[in-house]
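Please report on this protein model for a computational chemist. Cover its overall make-up, its aromatic pairs, and selected helices and buried acidic residues.

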Amino acid sequence: MFPLIDSNFKIRNKKISNVSIEKIKQDFFEFFKEQEFKKREALPLISKYFPSSFVISAGPDLGDEYYNLAHNKERFMILQPCARYWDVKDSGDGRHLSLFEMSAINDFGIQGRTRIIKLFLDFFTIQLGISLDNLCATYFEGGTVARTYYEKEDIEFKQIISEIAPNMNIYKVDAHEGFVANSMEPFGGEKVEFYHIDDDMKCIDNCGDSPEKCVCGKYLEICTTITYSYVVKHSKDKKILDLKKIDLDREDIISVIGFGIERVASIVDNKRYMLNELNPFSKILENKKFNLMDADFNQIDLIRALIF
């Protein structure tokens, strides 16, 4: 049986100022309280809403509770401890943490999606002092998702960003980067990612100067928003996904937006490439006799159980 880790679980990184981390948390709750978001207590790392061993995001549980249980259109703010799951191989690379805290808010319909995007941009630029000129975004261009072809791009996001940040550069991405549909999350939909641009870093020759093509580290993902408009079902072997559009009016569809506290703190502290942590998986990743990338989820879960 996996050990439960309660919502008081604390994550620290000695290379990033704890003052910055705690200040961002405080600013987050105060800023969104003024916008009439209700504080929600964090879930344990093992969530009753989320069908994996550990919570990996602050959003899906809000969607699960709304669509399957409550159906009350309350706007929440949450600070959620998370454990990296399927991309655990990326942890310790200076950009990803295996354990982190994610803050998020939710809202409903087109107006709600517009509102939370604008509020987060205001929070980053006004409250935290991050320049809007150093932000860009990616959005879904259309394409095949779970054997279903979506011809239309995410025009709604284009309209939103043209209203609130008309000078921001936005880039089209395919379904892999622009649509959430996988065997771990109960809901899916259009995904938008915001990136922080390091003006001091110059791309190497032949590097694609855009978030999804650059391999130099110039672009650092800072924030993600997902519009949960589909139920994701999968076969027993988790290889075949089926998407079913949620049977609600568009104005009742939930959108969630969130960011990793430590990553944003690294930008505020101007230490965005110093997120290397005392990674609980580092010794395993260094062991050439055990290739974590060849391990299945059950093996990874067993490792995590032994660690925690």
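The report runs from the whole chain to single side chains.

**Basis.** This is a predicted model: local features need pLDDT of at least 70, side-chain atom pairs count only at pLDDT 80 or more, and totals for chains, interfaces and linings use all residues. Residues are numbered from 1 along each chain as its sequence is written, and side-chain values use heavy atoms, with hydrogens and water left out.

**Overall.** The protein has 8 helices and 13 strands. Helices (H or I, at least four residues) and strands (E, at least two) are DSSP runs, numbered from the N terminus. Of its 308 residues, 54% are buried. Buried means under 20% relative accessible area, exposed over 50%, and partly exposed in between (1.4 Å probe, protein chains only). The exposed surface is about 15500 Å², with 49% of it supplied by carbon and sulfur atoms. Areas come from the Shrake-Rupley method with a 1.4 Å probe; for residues, only the protein chains shown count as cover. Among contacts with a separation of 6 or more, 74% join residues 24 or more positions apart. Contact means heavy atoms within 4.5 Å.

**Aromatic pairs.** The structure holds 21 aromatic pairs. One of them is Phe28 with Phe259, edge-to-face, at 6.2 Å centre to centre and 85 degrees between the planes. Rings of Phe, Tyr and Trp (its six-membered ring) pair if their centres lie within 6.5 Å; planes under 30 degrees apart count as stacked, over 60 as edge-to-face and the rest as tilted. Phe28 belongs to helix H1 (residues 18-34) and Phe259 to strand S13 (residues 254-260), so the pair ties together parts 231 residues apart in sequence. Phe28 is buried at 1% relative accessibility. Phe259 is buried at 1% too. Both rings belong to one aromatic cluster, which also includes Phe29 and Phe37.

Two of the cluster's rings carry a charge over the face. Lys39 lies over Phe29, 4.3 Å from the ring centre. Arg75 lies over Phe37, at 4.4 Å. The criterion is NZ of Lys or CZ of Arg within 6 Å of the ring centre and within 35 degrees of the ring normal.

**Helices H4 and H6.** In H4 (residues 155-164), Glu156, Phe157, Ile160 and Ile161 are buried. Seen down the axis, these residues fall within an arc of 125 degrees, so they line one face of the helix. The arc is that of the directions from the helix axis to the C-beta atoms. They pack against helix H3 (109-127) and strands S4 (135-140), S7 (170-173) and S9 (187-197).

H6 (residues 261-268) is mostly covered, with 7 of its 8 residues buried. Glu262 and Arg263 are among them. Asn270 follows H6 and has a positive phi, near 60 degrees.

**Buried acids.** The table pairs two acidic side chains with their polar partners. A polar contact is a pair of N or O atoms within 3.5 Å; within protein, one must be able to donate a hydrogen and the other to accept it, and residues adjacent in sequence count only if both atoms are side-chain atoms.

| Acid, accessibility | Polar contact |
|---|---|
| Glu156, 16% | Arg113, 3.0 Å |
| Asp107, 2% | Arg115, 2.7 Å |

Glu156 is found in H4. Leaving aside neighbours within four places in sequence, Glu156 is in contact with Ile110, Arg113 and Arg250. Asp107 lies in strand S3 (residues 99-108). With the same neighbours left aside, the contacts of Asp107 include Phe37, Arg75 and Arg115.
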